[in-house]
Amino acid sequence: MNASRPRIGSLSLRSKILLMILPLSLLSMALMAVIGYSTAADGLTRQAFAELTAIRASKKQQIETYFRTLRGTFSSFGDDLGVASAAQALTEGFNQLGRQKLSPERAKALAAFYRDDFVPRLNKIPGFEDITADQLIPHGDRAAEAQSLFIVENPNPRSERAKLLDSPVSNPYTLAHFTYHGWLRDLVDRLKISDLYLVSDKGQIVYSVDKDVDFGTNLIDGPYATTNMARLYRQIMDRHHKGYVGIVDYDFYMPSLGAPSLFIGTPIYVNFRLIGVLIGELSVDELNTAMSGDRSWREDGLGETGFAYVTGAEHLLRNDHRIFIERPDAFLATAGGQGYRPAEIDAIRRNGTAVLRYRMNTEGVRRAVLGETGTVTALNSRGGESLQAYAPLDIPDLKWVLNANIEREEILAPLDALKRTGLVLAGILTLVCTGFAVWIAGRFERPINALIAGTEAIKAGRTDVHVPVLGADEFGRLAASFNTMADAIRDRDAIIEAKNKAYAGLLTRVFPEVVAERLRAGEEQIVDTLPDVTLVCVSVVGFVEAIEPMEGAESVKLLNDILDRIDTLAEHHGMEPVKNIGEHYFAACGLTVPRLDHAARAIEFADAVAGEIRLIAAEHGLELSMRAAVASGEVHAGLVGSSRFVYDVWGKPLNVVRGLLQSAGIDEIRITAAVFNQLGTDSGFEPRPAAESAVGEIACFGRAAILPAGEAARRPPADEAPREAAQ
C-alpha cells in the first residue's frame, strides 16, 4: 500500500516546482491583496477626510460670511434715509386705509379667499389642521382694505403678487406703494432673501413685498402674534438701540402655508426716534443653494452620495437632504421605513422641503452640537456607514452645526474592482500553475513587485506612481485597476495643491511679500514697530473737479490709470504703496525692506509723480497737478481687523504728512526737518512757515517738484499756490 504512493523524490521537477510555488504564490497573493487593500483603503479614507474637511471649512466660511454680511446690511438700514422714508410714507398711508368699510361684495370676496383657497390648503399641513377662516380673516378695516387691494384683487397668482406696482384705487397708501415698491422689490433680489416687511411701532405690518396673508395684520395681537416673526419683532422692540440686528431660527410659518422661514430684522430710526422695524424673510431656498453649490455636488468633490448640511441643536435639518433634492420619491419611501408618520411625509411632499421635519441623528451632528470640530466614520441618518466632517457654526442667535459627509462605500468603490480581480486571478492561477509552474512563478514576481512598489510609493506620499501594464491578461487588468486608483489619488492631490497655490497667490497680491510669507509660515498676529521709515502723501490736485462731468465708469478708468502709473513709479523707486483714499496716495520707504536712502528715494518718487501727473493731464486734456508731503520717523505697521484683514500703517509721521499736505502749494513738496537733515542743505529745500497738524505745529521745508524737461513750462502761475507757500 505504501509502495503504491508516489514519493516526493519520484516526482518530476515541474511537479515539485508546482507544489512549492502554488501554495506560496496563493499565500503571497492573498497577503499582498490584504496589504494593498488596507493601505489603499486607508489612503482613500484619509484623502476623503481631507477633502471633506476642506469642503466643511469652505461651507462654514460661506454661511458665516453670508449671515455676517446680511447682519451688517440690515444694521446699516436702521437709519437709512430711503428705508425710513418708505416706512414713514407707507405707515401714514396705511393709517388712512379703511376709512370706509369694505363693500359687501369685497368683504364677501375676502372671506371666500380664506374659506375656499388659503385655509383648505393650510389645513393639509401637520400642525395647522384646526385653523379656521374666522381666525385669520382680518377684522380691522385697514387690514381688510389692504388685503382686498393687494391680495384678493391682485390680478397675479400668489407667487407673482409682487409684480403689482400700482393699484387701480388711488389713495395715499397706493401712491406710497407705487413710489417705493419697485425699489424694495429690487432690494429683495439684491439681498437674496424671499420677502421684506415694514412693521410700524404699533406692530402693524404696513408693507411686504410678496403680499402674503400676514400683510396688514398686527404682530402684537393679530392672528400671527405667536409666530417666529412676531417673536423677532418683540425682541427688536425690547432692544431697539440703533444698529441692533436680531435673527430668529427657521419655524413653520403659517402665512407661507407652513413652509419653514427664518427672519432677520433691525429697528428703523428717524432723528433718533423709533418708527418701526425692517424685517427680512429667508426661505430654505437660499440655504439650499449655498449648501449644495447650486446642485454641483459632483463638481465640488462630493461624488454620488456626498453632501453638506446644516442642522439645529435638535438635529433637525435647516437645508434639504441631497437625496430629497435628486430623488424625492426614494427619500420619502425611506423616511416611511424610518418611522415617520404619513402626515409628516405628506407635509414634506406638499411644502417641497424636508427642513424642520427630517432629523439627522448622526455622530457628527451630536459632537458638533457639543461644540466639537473634527471627523468621524459613523452611521448616517439612513443607516449606512459614512465619513463625516463636522463643526459648529458661529452665527449669533442661531445654534447651528454643519456636517459634510460621503458614504464610505463610495470612497472604497475603486478597491472593489481590485478585490474582484484578485479573486478571479487566484482561481485562474490555481488551474494553470499545474502546466506552467515555472513561467507562472516568474509571471507572479514582476507584477506583484510592481504593485508592491506602487503601493509603498503611495503610502510614502508620492503622487506620480504608475505601474507598467504588461499585456491584457489578469495581471494587466490588475495593474490597470491600480493605475486608475493611483490616478484618482493624484488628481485629488492636485486639486488640493492648486487650492493651496491659489491661496498663496492671493496673499501675495493682497499683502506685501514679506507679510504674506509670515502669514504662510503660520504667524497670526503681525505688528511691527519700525524706527526709521519715510512716508509720502501725494494729492492729485484737480481730480475731483475733473471727474464731476464724467460717468462713473469713465471716472474709475481715470483713477485706475493714475494709480497704476503711480504704483509703477513706486516700484521703480523702491517705495511700498500703503493705501489710497480718493485722490490721496500714501506710500512708504523702508517699511518691509530696510533702506539707508529712504528719504532720498521718497523725494525722487515725489518728483517723478509730479511729472507723471503732468503727462496724464496732457493725455486726457485735463487740468491736473499735485502736492506732496514727506515725513520720517517711527511708525507701526501690521494686520488690523478681525473679519477682514488690512495691512495698515500708523504713527506720528502719518499725522504729520496729512498736516504738511494742507500747506503745500501746486507741484510743491513739503518735508519735515528730519527729512531735510537726511537730505542735506544742497537738496534745494528752503524753510517754509510752520504747518498745523494733529500733533501740533511742524517746522517744514519746501521746494517745487523737479519736473522732466518740457513740463516746468506748464507749471501753473504762482498765485495758484497757497499764500504761505508763496512767502
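How many bridges join β10 and β12, and in which sense do they pair? The answer is 6 bridges, in the antiparallel sense. Keep that pair in mind, as we return to it below. The model shown here is predicted.

Start with the whole protein. It has 727 residues, and 49% of them count as buried. The chain forms 23 helices and 17 strands. Its accessible surface comes to about 35100 Å². Carbon and sulfur atoms make up 54% of that surface. Now take the contacts between residues with a separation of 6 or more. Of these, 64% join residues 24 or more positions apart.

Next, look at an open sheet. It has 4 strands, in the order β6-β9-β8-β7. The pairing is antiparallel. β6 and β7 (374–379) are the edge strands, and each pairs on one side only. On average, neighbouring strands of this sheet are turned by 30° against each other, direction ignored.

Walk across this sheet from β7. This strand runs antiparallel to β8, and 6 bridges join the two. Two of the residue pairs can be picked out. Val-376 stands opposite Gln-388 in β8, and Gly-374 has Tyr-390 of β8 as its bridge partner. β7 and β8 also form a hairpin, with 5 residues between them. In the turn sits Gly-383, with a positive phi of about 95°.

β8 itself is largely enclosed by the rest of the structure, because 6 of its 8 residues are buried. It also pairs with β9, in the antiparallel sense, over 7 bridges. Here Ser-386 has Glu-407 in β9 as its bridge partner.

The loop between β8 (385–392) and β9 (400–407) holds Asp-397. Its phi is near 75°, a positive value in a residue other than glycine. Why does that deserve a second look? Most residues other than glycine have a negative phi. Is Asp-397 buried or exposed? Neither label fits, because its relative accessibility is 42%, which counts as partly exposed.

Compare Lys-211, which is found in the loop between β2 (205–208) and α7 (228–238). Phi of Lys-211 is near 55°, again a positive value in a residue other than glycine. Lys-211 is buried, because its relative accessible area is 1% and buried means under 20%.

Back to the sheet, at its edge strand β6. Thr-311 is found in this strand, which covers residues 307–312. Thr-311 is buried, with a relative accessible area of 0%. What touches Thr-311, leaving aside its neighbours within four places in sequence? The contacts are Leu-316, Leu-317, Arg-318, Met-360, Val-365, Lys-399, Trp-400 and Val-401. A helix lies here too. Helix α8 (residues 284–292) lies across β6 and β9, and runs at about 140° to β6.

Now move along the chain to helix α19. This helix covers residues 552–572, which makes 21 residues. At 1.5 Å a residue, α19 should span 30 Å. Its end C-alpha atoms are 30 Å apart, so the model agrees with the expected span.

Which residues of α19 are buried? They are Ser-555, Leu-558, Ile-562, Leu-563, Arg-565, Ile-566, Leu-569 and Ala-570. These residues cover an arc of only 165° around the axis, which means that they lie on the same side of α19. The face turned away from that buried side carries the exposed residues Ala-553, Lys-557, Thr-568, Glu-571 and His-572. Just after α19 comes Gly-574, with a positive phi of about 75°.

What covers the buried residues of α19? The cover includes the strands β10 (527–541), β11 (576–581) and β12 (584–589). It also includes the helices α18 (543–547) and α20 (598–620).

This brings back the pair from the opening question. In the pairing of β10 with β12, Ser-539 stands opposite His-584 in β12. β10 has another partner, strand β13 (residues 625–640). They pair in the antiparallel sense over 13 bridges. Val-536 has Val-630 in β13 as its bridge partner. β10 thus pairs with β12 and with β13, and β10 is also among the elements covering the buried residues of α19.

Technical notes. Residues are numbered from 1 along each chain as its sequence is written. This is a predicted model: local features need pLDDT of at least 70, side-chain atom pairs count only at pLDDT 80 or more; totals for chains, interfaces and linings use all residues. Side-chain values use heavy atoms; hydrogens and water are left out. The expected span of a helix is 1.5 Å times one less than its number of residues. Buried means under 20% relative accessible area, exposed over 50%, partly exposed in between (1.4 Å probe, protein chains only). The arc is that of the directions from the helix axis to the C-beta atoms. Contact means heavy atoms within 4.5 Å. Two strands pair if DSSP finds at least two bridges between them. Axes are lines fitted to C-alpha atoms, for helices over the stretch in contact, and angles run from 0 to 180 degrees between N-to-C directions. Accessible areas come from the Shrake-Rupley method with a 1.4 Å probe; for residues, only the protein chains shown count as cover.
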